[in-house]
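Please open the structure in your viewer and keep the selection tool at hand, since this tour moves from one selection to the next.

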Amino acid sequence: MTSNSSPVRIALVALQDPAQRTVVVARLTADGVRVAVLGQPVDGAVLAVDPGEAMASVQRVEDELGALSLLICDAAPPASARFVDTDPVDWFAGVQRSMFAPFALIRAAVPALRRAGDSRILLIGSGWGATQLKDSTALAAVQGGLVALMKTLARDLGPDGIIVNEIALPAQSLEQPALASALAAAVSYLAGPNGAAMAGQILTLGRGGELRP
Amino acid sequence: MGRVAIVTGAASGLGASVCQALHRDGWTIAGLDLRPSNTDLSLQVDVTDAVAVAAAVQRATVHLGQINALVTVAGIYEELPVESITDEQWNRMLAVNIGGTVNACAAVVPLLLAQNAGTIVTISSDLGVGGSQGDAHYAATKGAIVGFSRSLGVELMGSGVTVNTVAPGAADTPMLAADSPWRAESFLGTLPVGRLVRPEEIAGAVLFLLEVGPALVGQIISPNAGATI
């Protein structure tokens, strides 16, 4: 749980799923964090910035709210289809588009997060769980890429005081109320002082099953 | 004609080692690479070009007959801090490493499905499983290969076509620059095996996966000198 002593005071939340966005913003706000969202305004968020050029989005958050110390982002899911029915050019374009957005946002935010010190990046994804889903080679590739990106960034940025982790959700997302509560708690934990020893980890929510291995 | 394999990135480094190992094991090989490869059928092609890859695979079937296996080795490597990676470098890394893998699979999978048999081995990296330092775009593409391969393995399960992955640790290949930190004694000393992985050891893992058949699906084998345990 964050508190006034928490290093995380200003957050940028860039999540595709409205339910996830709402849950995360509500919890961060309750924890005393001032939250900007990328895209549509959300109750509790003090700023909504256009999801245009990543550098400009981060700059606006810093200009209007102050030092950015938490970035929460994800990747839009690419189209689902049987691989044997998919044009590889379309397949690759979808994967490239999905992976580029979080990369660009993180790249833009790192200087601000480094300046803030004791800051966090949280990726929200499905981890390796996507590999268990039907007709999801593109999604699994994106999510596998995010896992490796997250772990690499954790090693790269940890010495600079930027802690990077991932929260992995099952495919049904937040249809289960218990899962929404778990997501809120996980964000609060990883963004707060108690999460300072976690780096490069996947915190998997749900009961297992499709999330294996 | 005996068993026929298509190997991408066949001209040098790990790809060439895989070709040598397959050759010794009696395989006939079509090598896809930008440069000529020392294989039974050398096909010069850019793996990022899906149409060209499909045409090359078609040529391989005309010249060598039924394809039994695909090994996707083609890849590039680059060390850069995340803030220094340009859009072009990010997109190029994705296009070659994951795009090239997918283009080869898209061309070969229908052939294997039509004969209800075949083996695909993709090459990822230990860094795609555990991350690294200074390799964000490379690691992301190798993680993507793991996710893709596991998912494709599941999709093709029961068809007679298997998909598995070799995720090697730092290997003594030309991909690793002479002054790479992965060659430094300070890194090698942290490895239980105490040295870089030899290309022939990675090729051995590929051979194992080609031999083992349908008992393994969506698995990752990591000859990594103990770097990630």
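Does A:Arg60 count as buried, partly exposed or exposed, and why? Bear in mind, as you select this residue, that you are looking at a predicted model. A:Arg60 counts as partly exposed because 16 C-beta neighbours lie inside 10 Å, whereas a buried residue would need 20 or more and an exposed one 12 or fewer. The residue has its place in helix 2 of chain A, which covers residues 54-65. If you now add A:Asp50 to the selection, you can see a residue that is 10 residues apart from A:Arg60 along the chain, with 9.6 Å between the two C-alpha atoms.

Next, select the whole of chain B, for which the average pLDDT is 94 and 100% of the residues score at least 70, while the model has an ipTM of 0.78 and a pTM of 0.86. Colouring by secondary structure should bring out 7 helices and 7 strands in chain B, and if you follow the chain from the N terminus, these elements come in the order β-α-β-β-α-β-α-β-α-α-β-α-α-β. Taken along the principal axes, the C-alpha atoms of chain B fill a box of roughly 50 × 35 × 35 Å. A compact globule of 229 residues would have a radius of gyration near 17 Å, and chain B agrees with this because its own value is 17 Å. Of these 229 residues, 55% are buried.

Now narrow the selection to residues 13-24 of chain B, which form helix 1. Its 12 residues, at 1.5 Å a residue, should span 16 Å, and so the 17 Å between its end C-alpha atoms agrees with expectation. Among the buried residues of helix 1 are B:Leu14, B:Val18, B:Cys19 and B:Leu22. To find what the buried residues of this helix pack against, show strand 1 (4-8), strand 2 (28-33), strand 4 (69-72), strand 5 (118-123) and helix 7 (199-212) of chain B. Just after helix 1, pause at B:Gly26, which takes a positive phi of about 95°.

Finally, show both chains together and turn to the place where they meet: 40 residues of chain B are in contact with 37 residues of chain A. On the side of chain B that touches chain A, at least two residues each come from helix 3 (87-114), helix 4 (126-130) and helix 5 (136-155), and the largest share, 15 residues, is supplied by helix 5. If you colour this side of chain B by residue type, you should find 21 nonpolar, 14 polar and 5 charged residues.

Key: Residues numbered from 1 in each chain as written. Chains lettered and ligands numbered in written order. Predicted model: local features only at pLDDT ≥ 70, side-chain atom pairs only at ≥ 80, totals over all residues. pLDDT = per-residue confidence, 0-100. Helix = DSSP H or I, 4+ residues; strand = E, 2+ residues; numbered from the N terminus. Contact = placed C-beta atoms within 7 Å. Nonpolar A, V, L, I, M, F, W, Y, C, P; charged D, E, K, R; others polar. Expected span 1.5 Å × (residues − 1). Rg over C-alpha atoms; globule rule 2.2 N^0.38 Å.
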